[in-house]
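Please walk through this structure step by step, beginning with its interior and then turning to some of its helices.

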Amino acid sequence: MTTYQRERSTYAGTWEPAGVSAAPERSRLLQCRALLLGIDGLVTDTARLHAGAWKRTLDAFLRDSGHVHRLSVRPFDPETDFRRFFQGRARLDGLRAFLISRGIYGPGHPGSPPPDVLGALAADEDRFFEEQVCRHGLPVWPDSLQLVAAMQAHALPVAAVSASRHGRRLLESAGLTSRFDAIVDGCDRARLHVRAGPDPALLVEGTRQLRTVPAHCAVVVAAPAWVTAARRGGFGLTLGVDREGRTGNAVELYEHGATAVARSLAELIPQT
């Protein structure tokens, strides 16, 4: 297991909330019966690895297909494009939307991306992602383990949740499965008969495994789509985390229904 602290970037629009803090939500967490914690971007820094893998995949596709030479086609941006098209979204849906956004498919062009093109690009991204994990290990945020330990010290169970079919396996590779009382990931999707991407059913399955109900549980996630899923699932408390500290990211989390937005999980660790 590798824990680390990624160096913060400096942005022109750094979020400085006026009188808004996630600190009061610490006590509300303790009033819940359980916590559901998103894996991607909160426990592990898979988002950064996936963003790099998508850039390598899509830039190669644009270059090899000749599209990159058109002035209207920009290379993949691992920050803005990843958040817009892939974070908290079914990967094939995001891939399709990205290609259409670059004018390669869609109105005035040869329709939607063919399934074989989408499948090949998704397979390439999978391979590049796996290479990064094998070569450098899986980065783990230390504040996530601190929050989990603090909740369990108050006899509150914690479930780890991801829409990715890699979720459980990545936790196993980092030696973290024993840290959680339940784990739900994309591999549970077929059994639950739910669509790809963030879905309330995955969160509800976490509460079922913890033997409680959504209304008595807190959800802490990084992607706006997961905030929406928690609202649709009827969860008692939904908190967003924006590690980058960007104004737009925090606003988006609020607009999707987050009760509060923290910059790190350390802000949510109960002090009593």
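Which residues have the most contacts inside the largest nonpolar core? In this predicted model, they are L37, F180 and V220, and the core to which they belong has 39 residues. Helix α6, which spans residues 142–153, supplies the largest share of this core, namely five residues. Taking F180 as a point of entry, and leaving aside its neighbours within four places in sequence, one finds it in contact with L37, V43, V148, Q152, V158, A159, A160 and L171. Apart from this core lies another, of 24 residues, which includes L210, A229, F235 and V261.

With the cores in mind, the chain as a whole can be surveyed. Its secondary structure comes to 11 helices and eight strands, and of its 272 residues 50% are buried. Among the contacts between residues at least 6 apart in sequence, 68% join residues that are at least 24 apart.

One of the residues worth locating is H50, which lies in helix α2, the stretch from residue 46 to residue 64. Is H50 buried or exposed? Its relative accessible area is 16%, and because residues under 20% count as buried, H50 is buried. Setting aside its neighbours within four places in sequence, H50 is in contact with F82, E125 and F129.

Of these partners, E125 also takes part in a contact between two helices, α4 and α5. The axes of helix α4 (residues 91–101) and helix α5 (residues 115–136) come within 10 Å and cross at roughly 115°, which means that α4 is roughly perpendicular to α5. The crossing of these two helices is right-handed. On the α4 side the contact is made by R91, L92, L95, R96 and L99, while α5 contributes L118, L121, A122, E125 and D126. By character, the residues of this contact divide into six nonpolar and four charged, with no polar residue among them. As for the spacing along such elements, an α-helix has 3.6 residues a turn, so residues three or four places apart point the same way.

The last stop is helix α10 (residues 224–232), in which P224, W226, V227, A229 and A230 are buried; A229 is also one of the residues of the core of 24 residues. The elements that cover the buried residues of α10 include the helices α3 (80–85), α9 (200–209) and α11 (247–255), together with the strands β4 (158–161), β6 (217–221) and β7 (237–241). After α10 comes G234, whose phi is positive, near 75°.

Technical notes. Residues numbered from 1 in each chain as written. Predicted model: local features only at pLDDT ≥ 70, side-chain atom pairs only at ≥ 80, totals over all residues. Heavy atoms only, no water. Core = buried A, V, L, I, M, F, W, Y, C linked by side-chain atoms within 4.5 Å. Buried < 20%, exposed > 50% of the residue type's maximum accessible area, 1.4 Å probe, protein only. Helix = DSSP H or I, 4+ residues; strand = E, 2+ residues; numbered from the N terminus. Contact = heavy atoms within 4.5 Å. Axes fitted to C-alpha atoms, helices over the stretch in contact; angles between N-to-C directions. Parallel < 35°, antiparallel > 145°, perpendicular 65-115°, else oblique. Left-handed = near helix turned anticlockwise from the far one by under 90°. Nonpolar A, V, L, I, M, F, W, Y, C, P; charged D, E, K, R; others polar.
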